[in-house]
Amino acid sequence: MFKKFIAAAALCLCTIFPAMSAEVDMQDPYKMLTAVADETFGEIKQNADKVKTDPAYRRELIRTHLMPYVDITYAAYKVIGNNLKSTTKEEREAFTDAFADYVVAAYADALGKYDQQELIDPAYQQVPADETMVNIKFLIREPGKQDLELLFKLRKNSKTGEWRAYDMVAENISMLSAKQSELSPMIREKGIAAVTDILVKHNAGSNAGQSLSGDAQ
């Protein structure tokens, strides 16, 4: 089920965030998501064959066009959790970099399953100026199957006012919670430096994009 979730999330993320133009208003989460989705969804469909067959292309697409619009530091710190206070700045930065590569590999692997699904935009809602967190729901539609709800959780940067995604939830499965369940116990047991090394080795290996569990033994 988690594989189905991650594939749907990768599909939606990579139709929403690529090739973000200067006209997109990152001060408004609904405008940011829907404007870029409308602009780029057709382009992803046209590159479906390359997306399906070229892992390097998928990784570069996600790293270049998706990750700048994901609050990866916030997500990484949530994964570190209560262990955060016992880490140094250098350890946190190294873990965040390795965690970002882990996320890129996971989505690149899942994106290879893209098969011309349709993205249904949410109805626009005005977000109050004092709001700092918002959830936005898209639908993934595929003929002959029930629509898949994909919920994006976004957070506003208090300094810039820009919104970025930090979590995705599909079929009641949170990507962030899944990564917390996978990595937080390892950090408590082995320490953040050791887990960072595990992530780096995993990301460089042939199984990058798959679960860490086999590497962590």
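What percentage of the 217 residues in the protein is made up of buried residues? Buried residues account for 47% of them. The views below are taken from a predicted model.

**Figure 1. Overview of the secondary structure of the predicted model.** The protein contains eight helices and five strands. Read along the sequence, these elements follow the pattern α-α-α-α-α-α-β-β-β-β-β-α-α. Among contacts between residues at least 6 apart in sequence, 62% join residues at least 24 apart.

**Figure 2. Close-up of helix H5 and the residue that follows this helix.** The buried residues of H5 are Ile72, Ala75, Ala76, Val79 and Ile80. Around the helix axis they cover an arc of only 145 degrees, so they lie on the same side of H5. Gly81 follows H5 and has a positive phi, near 60 degrees.

**Figure 3. Packing of helix H5 (residues 72-80) against helix H7 (residues 175-190).** The two helices pack at an angle of about 50 degrees, and their axes are 7 Å apart. H5 and H7 are therefore oblique to each other. On the H5 side, the residues in the contact are Ala75, Lys78, Val79 and Ile80. They meet Leu176, Lys179, Gln180, Leu183, Ser184 and Ile187 of H7. By type, the residues of this contact divide into six nonpolar, two polar and two charged.

**Figure 4. Packing of helix H7 against helix H8.** Here the angle is about 130 degrees, with the axes 7 Å apart. The relation between H7 and H8 is therefore oblique. Leu183, Met186, Ile187 and Lys190 in H7 meet Ile192, Ala194, Val195, Ile198 and Leu199 in H8. The contact residues comprise eight nonpolar, no polar and one charged. Leu183 and Ile187 of H7 also appear in the contact with H5.

**Figure 5. The buried and exposed residues of helix H8.** H8 covers residues 192-204; at 1.5 Å a residue, its 13 residues should span 18 Å, and the end C-alpha atoms are 18 Å apart, which agrees. Ile192, Val195, Thr196, Ile198, Leu199, His202 and Asn203 are buried in this helix. Seen down the axis of H8, the buried residues fall within an arc of 160 degrees, so they line one face of the helix. Lys201 and Ala204, on the other side of H8, are exposed.

**Figure 6. Surroundings of Ala98 in helix H6 (residues 89-111).** Ala98 has a relative accessibility of 4% and therefore counts as buried, the cut-off being under 20%. Leaving aside residues up to four places away in sequence, Ala98 touches Thr196, Leu199, Val200 and Asn203. Of these, Thr196, Leu199 and Asn203 are among the buried residues of H8. Ala98 and Leu199 are 101 residues apart in sequence, yet their C-alpha atoms are 5.9 Å apart in space.

**Figure 7. Surroundings of Gly209 in the segment after H8.** Gly209 has a relative accessible area of 12% and is buried. Residues up to four places away in sequence not counted, Gly209 touches Ala105, Ala106, Asp109 and His202. His202 is one of the buried residues of H8. The C-alpha atoms of Gly209 and Asp101 are separated by 9.3 Å, although the two residues are 108 residues apart along the chain.

Notes. Residues are numbered from 1 along each chain as its sequence is written. This is a predicted model: local features need pLDDT of at least 70, side-chain atom pairs count only at pLDDT 80 or more; totals for chains, interfaces and linings use all residues. Side-chain values use heavy atoms; hydrogens and water are left out. Helices (H or I, at least four residues) and strands (E, at least two) are DSSP runs, numbered from the N terminus. Buried means under 20% relative accessible area, exposed over 50%, partly exposed in between (1.4 Å probe, protein chains only). Contact means heavy atoms within 4.5 Å. Axes are lines fitted to C-alpha atoms, for helices over the stretch in contact, and angles run from 0 to 180 degrees between N-to-C directions. Angles under 35 degrees count as roughly parallel, over 145 as roughly antiparallel, 65 to 115 as roughly perpendicular and the rest as oblique. Ala, Val, Leu, Ile, Met, Phe, Trp, Tyr, Cys and Pro count as nonpolar, Asp, Glu, Lys and Arg as charged, and the others, Gly among them, as polar. The expected span of a helix is 1.5 Å times one less than its number of residues. The arc is that of the directions from the helix axis to the C-beta atoms.
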